[in-house]
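Subject: Structure handover, with notes on pockets and ligand

Dear colleague,

I am passing on the structure we spoke about, and my notes on its pockets and its ligand follow below. Please read them with the structure open beside you.

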Amino acid sequence: MSIIFNKEKKIFKIENNNFSYIFYINQLGILVKLYLGKKINDLDLNSFSYINNLNADSYNFLDLKTNKEVINDKDNYFSGLTSDIEAPSFLTYDKRGPLVIINHQDNSSLTDFRYVSHKIYKDKKSLEGLPHFDNKDVETLEITLKDLKDNIYLIMYYSIYDGIDGIIRHNEIINKTKKEIRINRINSLCLDLPSLEYDLLSVYGTYATDRILERQKLTHNIISITENSGGKGFYHNPMCMLINKEANDNYGEVIGLGLVYSSNFKFDFIGNPLNKLRVLIGINDENFEYILDSNNSFISPEAIIIYSDEGINKVTHQFHDLIREHILRKVEGFENTILLNSWEGCMFDFDTNKIMNFISKAKKMDVNLFVLDDGWFSKRNDDFSSLGDWEVNTDKIDLKKVIDYAHSLKIKFGIWIEPEMISFNSDLFKEHPDYALMDKDVNPTTLRHQLVLNLTKKEVRDSIFSKICKIFDTYDIDYCKWDFNRILTEAIDNSNFKINKSLYHNFILGTYDLLNRFISRYPKILLETCAGGGGRFDLGMLYYSSQIWGSDETDGVSRTLIQYATNLFYPLKVIGAHVSARKFLSIKEKASIAMFGTFGYELDPTKLTDEDLIEVKLSNKRFLDNKKLIDEGDYYPLISPYNNNFVSFEVVSKDKKELIFFFMNYRQVNWESRFIKLKGLDKNKLYKNDYDNNIFYGDFYMNVGLNLSMGMQSFTPLIIKLTQVDDEK
Ligand code: DGJ
């Protein structure tokens, strides 16, 4: 990978073996993008005009002045209406949507940044207080621009990794004026593209239908993906793809986009009448205003652009590699974890005896991590009370005893917490109603009988953190499930109205601070985040936690739809997936789906029969045998459950030696002609499949397919494993 600056042409080239991102500084000091895509050779001056050929339309010229001098006609290639601009201005030459809007002291929002200087270095800065990608095998371009009106600076960061065809972007605003300024909008990136011929692939969802796939055509209007709930982001997710109309799973141009952020975000797709597209990605500007004092700076979250000329699958693989290699928190000692969580098995209804029985049965299941979910603290016997009172309910559970017992059986032990919340009915609320987010003039909206803590205040974070530390310092706990069960409402700080419009952002910074304190103090504890199921499933959370609970929908059939969509964006190894006691499917069948996630159980183990235990053990073995392949391999969706009567996908190891294939019918079909073509194999190598034991070349499996033209029962998962064989047939 390399970042090169050509002084003569003033061109920046950010590239690796497959990918180039190229832009230049024009005479006005405006950064104009020339190219994003598969690696190409150097561009010469001729190519500037060639690429910006829309300037032929004289109506698109504007007279731009710098230092009161008209200089537009010195740059023959630039048009503020059609050129691809990296930091588009506001209230001046560009009308397609600004990168940043700043309200100046004179109450004007004219914002226009021009090039000052740049640096290129083999490193990447960490973003203070925000989750971010690491600095392993990376190179960064840091460009400083200055606003035309005031002493306000915009620093734009572009980083590139070896092996990842894309860039990581973020921006920083530095206020060097003597007075405060107001940031009304700050995007993490602007991406102008010369075509509008894309479909947008994204996910939406709600409780128990956490991520559902949706594809729509971009138009000449604005299409946005926005979240404004304050962080329980399963309504919309900050990852998506743009699929060129010619492209499909394996072929053509697809661009992957994402934001490393767990609060309100906005992705704008702005089509213009000249068939071009502007993409703006950043913090949602709805009710947003950040007051930036003199000599302070504001840092935007990181955003990503991934480029593929080999269809959707390559973007998926690059997303997975980028997450696994450069952001995901890794904790050693959990490589072969099989978990049993108490929630669906007993909800709040347990005591020491019951949990001891659960653990002893867990041992018989070959489980090696037991998690005591909600209900172990204060008076928490339902969801009406006690959040914020993080003290063990010793009348209900002898925590030390159950932990010691688990450890004596070589079973790790974990507990559930929900640190960002406060119950109305809690000692904490009696003592500190001021800790809850409320508007003093409006009745608070409670959801699940609880309010959200005002984590923007350090005092609140300190108080909660010290209570949580008492638990984790006292007890020998190996795992923590960090839940977040409601959206933010009445996001008001009654003690400081001035900052209310940045409350959502400051709230998530407060959450990140708590998470950061937690993982720094307890580096060996495995953290799984959760939000009323699989809300807050984002890159920000994956910086702190190694896995995210996928959904409270644990029915295997529904899970195939949720996991299929999630897998397009996030690696399989981060999706919390359990076998539950829901009525559909046998244990083995449910396990066939859960094994394509973190895998575990969530049921009353004392109800398992001896036959069930046999199925449990066989399923565990199958999971462990394939865990490395599923965790580290390349995922390929084969048949989408969203427009078919069945679902199919596979994972191939990076060395192409092994493949695991999943298939399930949603309705019974007898003897239908059905060949499913596999992907990602070595076409010249022989593979044996363990279904009919046939040995064929990779070529055959990929072009003829697996012959599944047989009676297929509905809702009966079929897993087939292919292994490379050396011998001739
Ligand atoms: C919501 C989670 O998604 C569940 O798994 C469980 O932990 C409950 N909260 C507990 O209140």
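Two helical elements, α2 (311–326) and α12 (610–632), each supply at least two residues of the lining of the largest pocket. Please keep in mind throughout that this is a predicted model. Of the two, α12 deserves a look, since the largest share of that lining, 6 residues, comes from α12.

The largest pocket itself has a volume of about 690 Å³, and of the 28 residues that line it, those closest to its centre are F334, E335, K573, K627 and D631. When the lining of the largest pocket is divided by class, 14 of its residues are charged, while 8 are nonpolar and 6 are polar.

The second largest pocket holds about 520 Å³ of space, and its lining is made up of 21 residues, of which E128, G129, L130, N506 and L509 are the closest to the centre. As for secondary structure, β22 (297–299), α8 (503–521) and α9 (539–544) each supply at least two residues of this second lining, and α8 gives the most, with 7 residues. By class, the lining of the second largest pocket has 9 nonpolar, 7 polar and 5 charged residues.

Where does the second largest pocket lie with respect to domain 1 and domain 2? Both domain 1 (2–193 + 259–302) and domain 2 (339–632) give residues to its lining, so the second largest pocket lies between them.

Turning to the ligand, 13 residues surround it, and the closest are D373, D374, K481, D483 and D552. Two of these closest residues make side-chain contacts that can be described atom by atom: a polar side-chain atom of K481 lies 2.8 Å from an oxygen atom of the ligand, and a polar side-chain atom of D483 lies 2.7 Å from a nitrogen atom of the ligand. From G533, by contrast, it is a backbone N or O atom that lies 2.8 Å from an oxygen atom of the ligand. On its own the ligand has 300 Å² of accessible area, and the protein covers 98% of that area. The shell around the ligand comprises 6 charged, 4 nonpolar and 3 polar residues.

With best regards

Conventions
Residues are numbered from 1 along each chain as its sequence is written. This is a predicted model: local features need pLDDT of at least 70, side-chain atom pairs count only at pLDDT 80 or more; totals for chains, interfaces and linings use all residues. Side-chain values use heavy atoms; hydrogens and water are left out. On a 1 Å grid over the protein atoms alone, a cavity is a set of points where a 1.4 Å probe fits but cannot get out, and a pocket is an open set with protein on both sides within 12 Å along at least five of seven lines; lining residues have an atom within 4 Å of a point. Grid points are joined across faces, edges and corners, and a volume is the space filled by probe spheres set on the points. Helices (H or I, at least four residues) and strands (E, at least two) are DSSP runs, numbered from the N terminus. Ala, Val, Leu, Ile, Met, Phe, Trp, Tyr, Cys and Pro count as nonpolar, Asp, Glu, Lys and Arg as charged, and the others, Gly among them, as polar. Domain bounds come from an automatic or database domain assignment. A residue is near a molecule or strand if one of its heavy atoms lies within 4 Å of it. A polar contact is a pair of N or O atoms within 3.5 Å; within protein, one must be able to donate a hydrogen and the other to accept it, and residues adjacent in sequence count only if both atoms are side-chain atoms. Accessible areas come from the Shrake-Rupley method with a 1.4 Å probe; for residues, only the protein chains shown count as cover.
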